[in-house]
Amino acid sequence: MHRQYPMDILNVIAYIHEDYPECIRLLEKWELGQYVDMLIHDGGYDDTQQWDALTVEELTDLGMKIGHARKLIRKAKDYRPENKYD
C-alpha cells in the first residue's frame, strides 16, 4: 500500500530528493502527489520524458488506481518541458 502525502510533506520530499524536483512538481500539480514514492522510487520513472510511454497496466502493477494511471498518461502526453536536456 502506498502512502498519500499531504502537500507540505511533498515539499519536504522534494527537498530531500533534489534530483527529482520536476517529477515531484508535476505529480503535485496534476494532483497525483500520492504516487511520488511509487512512481519515482519503486518504479524508477524519474525522467518525465518516459512517462508518456507508460501503459495503464504498468502503472496499475505498481499500485496506481486505473483512473489515476489514465490521467498521468494523458497529462504526460500533453506535457512539453520548456527546456529539454538530453
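This is a short walk through the inside of a predicted model, from one helix to the residues packed around it.

Let's begin with helix H5, which runs through residues 66-78. Does its length fit what we expect of a helix, or does it disagree? At 1.5 Å a residue, its 13 residues should span 18 Å, and the C-alpha atoms at its two ends are 19 Å apart, so the two values agree. Now look at which parts of H5 are hidden: Ala69, Lys71, Leu72, Ile73 and Ala76 are buried. Among the elements covering these buried residues are helix H2 (21-29), helix H3 (36-42) and helix H4 (56-62).

Next, move over to helix H2 and find Leu27. Is Leu27 buried or exposed? Its relative accessibility is 0%, and therefore it counts as buried. If we set aside residues up to four places away in sequence, Leu27 touches Leu32, Gly33, Tyr35, Val36, Leu39, Ile40, Trp51 and Leu72. You may remember Leu72 as one of the buried residues of H5. Another residue of that buried set, Ala76, is 49 residues from Leu27 along the chain, while their C-alpha atoms are separated by 10.0 Å.

Now follow the contact from Leu27 to Trp51, a residue in the loop between H3 and H4. Trp51 has a relative accessible area of 1%, which is under the 20% limit, so Trp51 is buried. Not counting residues up to four places away in sequence, its contacts are Cys23, Leu26, Leu27, Trp30, Leu39, Tyr45, Leu72 and Ala76. Trp51 and Lys75 are 24 residues apart in sequence, and their C-alpha atoms lie 9.2 Å apart in space.

The loop between H3 and H4 also holds Thr48. With a relative accessible area of 9%, Thr48 is buried too. Leaving out neighbours within four places in sequence, Thr48 is in contact with Glu22, Cys23, Leu26 and Tyr79.

Finally, let's put these pieces together. In soluble globular proteins, nonpolar side chains tend to be buried together. Here, the largest nonpolar core has 21 residues. Which of them touch the most other members? They are Leu27, Leu39, Trp51, Leu59 and Leu72. The elements that give two or more residues to this core are H2, H3 and H5. As for Leu59, it touches Met38, Leu39, Leu54, Met64, Ala69, Leu72 and Ile73, again not counting residues up to four places away in sequence. Of these contacts, Ala69, Leu72 and Ile73 bring us back to the buried residues of H5, where we started.

Methods:
Residues are numbered from 1 along each chain as its sequence is written. This is a predicted model: local features need pLDDT of at least 70, side-chain atom pairs count only at pLDDT 80 or more; totals for chains, interfaces and linings use all residues. Side-chain values use heavy atoms; hydrogens and water are left out. Helices (H or I, at least four residues) and strands (E, at least two) are DSSP runs, numbered from the N terminus. The expected span of a helix is 1.5 Å times one less than its number of residues. Buried means under 20% relative accessible area, exposed over 50%, partly exposed in between (1.4 Å probe, protein chains only). Contact means heavy atoms within 4.5 Å. A nonpolar core is a set of buried Ala, Val, Leu, Ile, Met, Phe, Trp, Tyr and Cys residues joined through side-chain atoms within 4.5 Å.
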